[in-house]
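User: I have a model open and want to go through it piece by piece. Please keep the answers short.

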Amino acid sequence: MGEGPRRQRGPRGPPSPGGGHGVGKAAGTGAKELTTGGLGARRDEGKSREGAVRMVRRSRRRKLQKVTRLCGREEGLRVKRSCPSCGPEPGGEEKKGRGNPISVQLFPPELVEHIISFLPVRDVVALGQTCHYFHEVCDAEGVWRRICRRLSPRLREQGSGVRPWKRAAILNYTKGLYFQAFGGRRRCLSKSVAPLLAHGYRRFLPTKDHVFILDYAGTLFFLKNALVSSTLGQIQWKRACRYVVLCRGAKDFASDPRCDTVYRKYLYVLATREQPGMVGTTGSRACDCVEVYLQSSGQRVFKMTFHHSMSFKQIVLVGQETQRALLLLTEEGKIYSLVVNETQLDQPRSYTIQLALRKVSRCLPHLRVACMASNQSSTLYITAFDPLDQQMPLALSLPAKILFCALGYNHLGLVDEFGRIFMQGNNRYGQLGTGDKMDRGEPTQVHYLQRPIALWCGLNHSLVLSQSSDFSKELLGCGCGAGGRLPGWPKGSASFVKLHVKVPLCACSLCSTRECLYMLSSHDIEHHPTYRDLPASRVVGTPEPSLGPGASQDPGGTARACEEYLSQIHSCPTLQDRMEKMKEIVGWMPLMAAQKDFFWEALDMLQRAAAGVGPGPPNPES
C-alpha cells in the first residue's frame, strides 16, 4: 500500500467517517492521506491516554503544592534527593529554568510517613539505609503501624515488645510455611496457604494428614490437605491448601514424639481458659488446661483442667499410646507429669488425674529447667546455668551453656552459647556428621559448622539450617539419604553437605517427615540466638605463645587433619569413590559457603567428565 503525504499540523477537525481501509482528509489542509483505520484508532487512543495521564499528573502536582503550601512559584517545584545532614547533593548546582531545590525536610512529617507507608517492607528497609533523615522516618512507629494495618487489617492489637508495630509488621510480612515433597515429579519448594488471621508464625507441627501452626497471638491453625482443581481443570491432591482456626488462647502443643507421622493420631494443646468462679463468688478465673484433638478432623475428644495457681509454658510427650506421659513445665522451672491412655480418650467419661512432680524436680529442688525435648523413650532437659552453684549436676560434660537442642530417635544435637554444634549417640548411618560411622558416647563437636539457625534430628539423619556471610540461608544434612531425605545426596553422607533445596530468606525452623521437608519462615526482630565470641585461648587453630623450638606449630591439628583426609582418599578403590570422598571432605573443611559450592561444582564436572557424561569427551588420563 502506498504512503500518502505527511500530515499537516493545524487545528483538529471532526473525525472522518468510514472504517477499514479508507481515504480521509487531514485536519486544516486539503491534502489526502491513505491510512489504515486500525492504526489511526490506536494512534488516537494513545494520544487520549497520554492526555489523561498528563491531566492526572497535573492534578496530583497541584494537590501536592496545595498541601505543602508551596504553590505560587512560577518556576516549578523540585525536591532535593538528599537531606542537609548528609551534605550537598553531588552536581546539585542551580540550573537555569529548573528553579531552586526544595529539601524533603520541608514536607510535613505526617505526609512523608503516609507516602512511605505505601512502599513494600523491603523498600522501606532499603530507604532507611540511605541517610540519617530517612532512617528516622522509616523507623518511626507511625509508618510501621500503617504498614501493619495494611498487611493484617484484622489485627487490632500491636502486640508486645519495645517496637510493637514494627515487630508485628515484620512478623506478618515474613510469615510462611514452605514444603518440598521427596517423591513425585515436581521436587520444588512450594508454599502453603497463609491464614489471614495469623499474627506471624511461632512454631508448627506436621501430623499424619495435616499441619498445625501456632501464631504469636496464641491462635492455633489447622492447615488441611485437600483435593483441588488445577488451572488445567485436573483434580490433584495438594498439601496445606485450606485452613480453619482450631482454638485460641494456646500456649504450646505436642503430639507423638516419634519421627514417623503415622503415629501422630492426637494433638495435645496447652491453653488458657476462663473458668466460672466458685459458688458465692463473682467473676471468673483463668486456668490452664490440656485439650486433646483428633488430628484427622480437629474434633476435641478430651479436656483436663488444672488449678488456677498452676501456670505452665511447655508440654512434651513420652512413652507408648497405652502409657502416654505428659510432661508439663511450669513458669518456675518445675516439671510435673501425668499418665493417660490414648486408646480410651474417645470414650465419653469424666475422671480425676493426679499431677505428680517429676523426679528431676523432686530430687533437685534448686534446679530450674528452661526447656525440654523428648523422643519415644527419653527426655532432654536444658537447665538455667548458674556458675555459682557448685552442686548442680551435669549429666552431659559440656564446656559451655546450651542454647537449644534437638533429640532424634537414637541421637541428639546440642548448640552452645558460642555457636558450636555437639552431636552424641548412634552413628550407624553417619547422622552425627563427624565424617565416620562410629558411635559417640559423649558430646562430640562438629568443627566445620558454627552458629546455626536451627538444628533438627530425625530417625537416622540430621539437618542444620545455617546462614552464610551474604545473609543467604542454606540447608545442610547428613546421615541416611534413602527416600530422598537428603535432596541431591541419595546415597547419604557421613558429614554435613549442602542439600539441593532453595531455602527462604527468613527461614527459622525446619522439620522432616517420611514424605516431605518443611521449613517455617518468620523473622522476630526481638528474638534471635545471640552467640558470644569464643575466647582467643579456646579457638581451634589459634596460635599459642611459643614454648620453645620443639613446641608444636600446629595446635589446631590442621596438618594432621589434612594427612588423614589424604589417607582416606587413597584408601578408596575407584575414581568415583575418591570423588565422593573429596566432596565429603570439602563439607568438613571450615570454608565459606561460596567456596564450598565452587569445589562441589568443580568436582561434579570432573566426575561427569571421567564417566563420559557431558558435552566434552572423557579424559583418558583420568
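Analyst: Contact here means heavy atoms within 4.5 Å. This is a predicted model, where local features need pLDDT of at least 70, side-chain atom pairs count only at pLDDT 80 or more, and totals for chains, interfaces and linings use all residues. Residues are numbered from 1 along each chain as its sequence is written, and side-chain values use heavy atoms, with hydrogens and water left out.

User: Leaving aside neighbours within four places in sequence, which residues is Lys581 in contact with?

Analyst: Start with its place: Lys581 lies in helix α9, residues 575–588. Helices (H or I, at least four residues) and strands (E, at least two) are DSSP runs, numbered from the N terminus. Beyond its neighbours within four places in sequence, Lys581 is in contact with Gln568, Ile569, Cys572 and Trp588.

User: Is Lys581 buried or exposed?

Analyst: Buried means under 20% relative accessible area, exposed over 50%, and partly exposed in between (1.4 Å probe, protein chains only). Lys581 has 18% relative accessibility, so Lys581 counts as buried.

User: How many helices and strands does the protein chain have, and what share of its residues count as buried?

Analyst: Of the 622 residues of the protein chain, 40% count as buried. The secondary structure comes to 10 helices and 30 strands. The answer is thus two counts and a share: 10 helices and 30 strands, with 40% buried.

User: Which residues of helix α6 are buried, and what covers them?

Analyst: Helix α6 spans residues 164–174, and 10 of its 11 residues are buried. They are Pro164, Trp165, Lys166, Arg167, Ala168, Ala169, Ile170, Leu171, Asn172 and Thr174. Their cover includes α5 (141–151), β5 (176–181) and β30 (516–521).

User: And what covers the buried residues of α5?

Analyst: The buried residues in α5 are Gly142, Val143, Trp144, Ile147 and Cys148. Their cover includes α2 (109–116), α3 (121–127), α4 (132–138) and α6.

User: In the largest nonpolar core, which residues touch the most other members?

Analyst: A nonpolar core is a set of buried Ala, Val, Leu, Ile, Met, Phe, Trp, Tyr and Cys residues joined through side-chain atoms within 4.5 Å. The largest one has 34 residues, and those that touch the most other members are Phe204, Leu463, Leu475, Leu499 and Leu510.

User: Which element gives the most to this core?

Analyst: One element gives five residues to this core. That element is β30.

User: Where is Leu220, and is Leu220 buried or exposed?

Analyst: Leu220 sits in strand β9, residues 220–229. Leaving aside its neighbours within four places in sequence, its contacts include Phe212, Val244, Phe253 and Leu267. Leu220 has 0% relative accessibility, so Leu220 counts as buried.

User: How many residues apart in sequence are Leu220 and Asp252, and how many Å apart in space?

Analyst: Both distances belong to one pair. Leu220 and Asp252 are 32 residues apart in sequence, and C-alpha to C-alpha they are 9.1 Å apart in space.

User: In what order do the four strands of the open sheet run, and which are the edge strands?

Analyst: The order is β15-β16-β17-β18, with antiparallel pairing. Two strands pair if DSSP finds at least two bridges between them. Each edge strand pairs on one side only: β15 (312–318) and β18 (356–357).

User: Which residue in β17 is the bridge partner of Leu327?

Analyst: Strand β16 (residues 324–330) and strand β17 (residues 335–340) pair in the antiparallel sense over six bridges. The bridge partner of Leu327 in β17 is Ser337.
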